[in-house]
Amino acid sequence: MKNLSRSFSLSLVAAGLLASGAANAQSLAIINATLHTATEQGVLENASIVMDNGKITAINPQQVQADKVIDANGQIVTPGFIASINQLGLVEVSAVAGSRDAGEEKAGIDFDVSLAYNAHSSLIPYARKGGVTRDVITPHGGDSIFSGLASVVDLSGDLQGDIQKQAALVVYLGERSKGSRAFTLQTLINKLEEHQTKAAKKPKKDDDSTPSTEDKVMVKVLSGDMPLVVGVSRAADIIELLKVKEQFGINLVLNGAQDAVVVKEQIAKAQVPVIMSAMDSLPSSFDSLHASLDNAAALEKAGVKVILTVGGDASHNIYQLRFDAGNAVSYGMSQQGALEAVTSNVASVFNINAGSIEVGKAADVVMWSNDPFELSSHVSKMIINGEEVSTQSRQDKLRERYTTESSMPRAYTK
């Protein structure tokens, strides 16, 4: 009884602390800003935005009321950028096997890589320096064409932060070092047919079995509620996938798609988004012969919804997303299109309540010293879920350590 009483008292204290924290949560406003909304409203001059309880509550209200007001003095304010198709928080040092958690040889449809996500990874503050506030993390590798499930994480660094699980099912098709690409596509079709038939069957009255995670995922994929992100490059393979989309009514998203420009009209007609790197300038294989720096612009002009991602070792270079977007602009993509390709387009494809400056959206907002796509610009303020966060990274700390005058030797460590 004594222990029970003590536990009850502790519970009351904890509840009181939580209530106190909620009561002390500050509302926040930014005034005199140049708002790049990533919506049809475009750019709003001398605008204000109010945030409370992690959400945007007002834009240009007649009277700004908030616990804290930040004067932007005309600086550009954008939605926080959303990165995608990387292993941020799942890898620390690529060369150290023990710090890599994004791949598993036995992985399949039900592989939930978010269980290994580390919100305290040193790579996250570096990504924030590039204006990135959320990320779509994905698994990779494995013997199966099914790599597993993507998740959406915020980059606040909160170990107890919400993770949007099962944001997409990730598949990789195309060229193989062994075997035929035909087998991989047939494997996908067979799996879709298997679960389509399974879903059409009426359950028996005495069947009390619980559906497996795979069953639940495939039901969402076949209903279109969960995107099927397919890594593919060759135009011929893309055409076959468009047929699969039409046959099953899936919510198809192409990833990589260096040859997408060859069949851009068909992709646009099928309303299939394309995730791509703006920096793919040369073929890396016979599947990607049409890689070019102006592909993002060509797809945008054809009416394709484009999402820009960082190619190569993306997890360590997410900071560069804004530079890649700037590169896409320099090769013909519109400024608005490039902004949407790293904000609202990502949000709409993966069902994220962020990525644009609108009432009701998550209060992920970034203030910039100048044009965010310019090399010389930097983040002035970053807000995630309505709270200011630091952009100081490991690199900043190392610079300060080795440039600060000290009586100790240069290589001295505490």
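**Exercise 1. Aromatic pairs**

Task: In this predicted model, determine how many aromatic pairs the structure holds, and state which parts the pair of Tyr126 and Tyr319 ties together.

Solution.
1. There are 4 aromatic pairs in the structure.
2. For Tyr126 and Tyr319, the distance is 5.0 Å centre to centre and the angle between the planes is 25°. Planes under 30 degrees apart count as stacked, and this pair is stacked.
3. Tyr126 belongs to helix α2 (residues 123-128), while Tyr319 belongs to the loop between β13 (306-308) and α8 (321-330); the pair therefore ties together parts that are 193 residues apart in sequence.
4. Buried means under 20% relative accessible area. Tyr319, with 18%, is buried, whereas Tyr126, with 21%, is partly exposed.
5. One aromatic cluster is formed by Phe81, Trp368 and Phe373.

**Exercise 2. Helix α5**

Task: Find what span helix α5 (residues 235-248) should have, and where its buried residues fall when seen down the axis.

Solution.
1. Helix α5 has 14 residues. The expected span is 1.5 Å times one less than the number of residues, and for α5 this gives 20 Å.
2. The end C-alpha atoms of α5 are 20 Å apart, which agrees with the expected span.
3. The buried residues of α5 are Ala235, Asp237, Ile238, Leu241, Leu242, Val244, Lys245 and Phe248.
4. Down the axis of α5, these residues fall within an arc of 160°, so they line one face of the helix.
5. As a general principle, an α-helix has 3.6 residues a turn, so residues three or four places apart point the same way.
6. The partners against which the buried residues of α5 pack are α3 (181-200), α4 (213-223), β10 (228-232), β11 (252-256) and α6 (264-269).
7. After α5 comes Gly249, with a positive phi near 70°.

**Exercise 3. The nonpolar cores**

Task: Identify which residues touch the most other members of the largest nonpolar core, and which element gives the most to this core.

Solution.
1. The largest nonpolar core has 82 residues, of which Leu169, Leu254, Ile267 and Leu308 touch the most other members.
2. Helix α5 gives the most to this core, with 6 residues.
3. Beyond its neighbours within four places in sequence, Leu169 is in contact with residues including Ile109, Phe146, Val217 and Leu228.
4. Another core, of 19 residues, lies apart from the largest one; among its members are Val136, Ala150, Val170 and Val346.

**Exercise 4. An exposed loop residue**

Task: Decide whether Asn53 counts as buried or exposed.

Solution.
1. Asn53 is located in the loop between β2 (43-52) and β3 (55-59).
2. Exposed means over 50% relative accessible area; at 65%, Asn53 counts as exposed.

Technical notes
Residues numbered from 1 in each chain as written. Predicted model: local features only at pLDDT ≥ 70, side-chain atom pairs only at ≥ 80, totals over all residues. Heavy atoms only, no water. Phe/Tyr/Trp six-rings, centres within 6.5 Å; stacked < 30°, edge-to-face > 60°. Helix = DSSP H or I, 4+ residues; strand = E, 2+ residues; numbered from the N terminus. Buried < 20%, exposed > 50% of the residue type's maximum accessible area, 1.4 Å probe, protein only. Arc of directions from axis to C-beta. Contact = heavy atoms within 4.5 Å. Core = buried A, V, L, I, M, F, W, Y, C linked by side-chain atoms within 4.5 Å.
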